[in-house]
Amino acid sequence: MHPSLRFTDPTVFARRTVAAHDAVFGDSIPTSSADPQMFAAWRRSGDAGIRPDQEMPNRILTDSDLRLARDRTPLSRIAGEVVQAVADTSAAGRHLVVLSDADGIVLWRSGSPQAMRGADRIAFAEGADWSEAGIGTNGISRALETGGMTHVTAGEHFVRAHHTWTCSAAPIRDSGGTVVGVLDVSLPVRFATAESAALVRCGVRLAEALLPAAAQPPRRPTTTIRLLGHRPEVVGADGSRTQLSQRRAELLALLASREAWTARALAEALYDDPAATATVRGEIRRLRRTTGLTISTQPYALADHERAGVDFLTASDALDLLTDSDVPAIVDLRYTV
């Protein structure tokens, strides 16, 4: 196969990769027709127990395990900004942006509704194991294997269900050179373009520039988050107190009230405007900075150990929840929690 065709004539390149895949696993022609490095990756996939006709990854994290995986990765504080910079969530958007950890577990993703639906059909979703041992050869697994920019198109994927996709991916490294994750841009083969590689490079550069500044300082253990009454505050184990503005207290109450929120849902609940997502993102950044709370991104979620310290969730009733607030979603919480 001619690599130059990958983007100049993606349909022809895809047909050839699928033919090579069919030949290898159908034994109709010698296996040497496949790229040697790709064939070696296929062989490892098979040795790991992956089947070409497999549809689901071997492992998909539970919601609680996914939250833990997000909390553990150094990407947690920059994921939202990186994904937002590379994604196209418009109705016309064609590509999907995926951020995995260093084990190949998909932790965040974003794209147009059409791209997200296509990804759902192959379980290219948060919590899914897209390592080589999890679902066979793919863009994320190749980036982790090679340590550099990779492209995996159509039949180069080990699993046939992925043959309509093309993926460009590259590892993200911390300041010490350790791989902490992978940024992947995937889209249907018919839309393949060299611009996907440029998006990946830009996203990786942004992530690696943000990582040092996002290094988390030691956090003061939080004992209580007080949202009942007129003076909302976060109380640290050392007795320190951080007063909360009305809006940030309302945002924190909503985050505590359920396991996860999208930016759109928070915007609608707080501002009665689902388009006010940029305002929500800004408030969450400021809430993290002023309180040190652990709030994961995509979707937004307050860490379980901090939710356990929210007073209105354990009180006999929540009628005094943010008594100065008239936001309908907060009023509803007073009678439903």
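Here is a quick tour of this protein, from its overall build down to a few single residues. The model is predicted. The protein's secondary structure adds up to 15 helices and ten strands. Taken along the principal axes, its C-alpha atoms fill a box of roughly 75 × 40 × 35 Å.

**The big picture**
- The protein has 337 residues, and 51% of them count as buried.
- Take the contacts in the protein with a separation of 6 or more: 57% of them come from residues 24 or more positions apart.

**The five-stranded sheet**
- Five strands line up in an open sheet in the order β2-β1-β5-β4-β3, and the pairing is antiparallel.
- At the edges sit β2 (106-111) and β3 (150-153), each of which pairs on one side only.
- Ignoring direction, neighbouring strands of this sheet are turned by 20 degrees against each other on average.
- As general background, side chains in a regular strand alternate between the two faces of the sheet.

**Zooming in on β4 and its partners**
- Strand β4 covers residues 165-173 and strand β5 covers residues 179-188; the two pair in the antiparallel sense over nine bridges.
- Two of the residue matches are easy to look up: P171 has V182 in β5 as its bridge partner, and S168 is bridged to V185, also in β5.
- The hairpin of β4 and β5 has five residues between the strands, and there G177 takes a positive phi near 90 degrees.
- On the β3 side, β3 and β4 pair in the antiparallel sense over four bridges.
- One match to look for here is T150, whose bridge partner in β4 is A169.
- β4 is mostly covered, with eight of its nine residues buried.

**A closer look at T153**
- T153 is found in strand β3, which is one of the edge strands of the sheet.
- Buried or exposed? T153 counts as buried because its relative accessibility is 1%, and the cut-off for buried is under 20%.
- What does T153 touch, once residues up to four places away in sequence are set aside? The list is R6, F13, T17, W165, T166 and V189.
- W165 and T166 on that list fall within β4, which spans residues 165-173.

**The nonpolar cores**
- In soluble globular proteins, nonpolar side chains tend to be buried together.
- The largest nonpolar core here has 34 residues, and the ones with the most contacts inside it are L227, L252, L254, L255, L266, L302 and L321.
- Helices α10 (246-257), α11 (263-271), α12 (277-291) and α15 (328-336) each supply at least two residues of this core.
- Which helix gives the most to this core? That would be α10, with seven residues.
- For a feel of the packing, try L252: leaving aside its neighbours within four places in sequence, L252 is in contact with I225, L227, V234, L244, L287, L293 and L302.
- Apart from this core lies another one of 25 residues, among them A69, V86, L99 and A170.
- A170 from that second core falls within the stretch of β4, residues 165-173.

**Rings and charges**
- How many aromatic pairs does a search of the whole structure find? The search turns up one.
- R94 lies over the face of F191, at 4.1 Å from the ring centre.
- R258 lies over the face of W261, at 3.6 Å from the ring centre.

Methods. Residues are numbered from 1 along each chain as its sequence is written. This is a predicted model: local features need pLDDT of at least 70, side-chain atom pairs count only at pLDDT 80 or more; totals for chains, interfaces and linings use all residues. Side-chain values use heavy atoms; hydrogens and water are left out. Two strands pair if DSSP finds at least two bridges between them. Axes are lines fitted to C-alpha atoms, for helices over the stretch in contact, and angles run from 0 to 180 degrees between N-to-C directions. A nonpolar core is a set of buried Ala, Val, Leu, Ile, Met, Phe, Trp, Tyr and Cys residues joined through side-chain atoms within 4.5 Å. Buried means under 20% relative accessible area, exposed over 50%, partly exposed in between (1.4 Å probe, protein chains only). Contact means heavy atoms within 4.5 Å. Rings of Phe, Tyr and Trp (its six-membered ring) pair if their centres lie within 6.5 Å; planes under 30 degrees apart count as stacked, over 60 as edge-to-face and the rest as tilted. A charge sits over a ring if NZ of Lys or CZ of Arg is within 6 Å of the ring centre and within 35 degrees of the ring normal.
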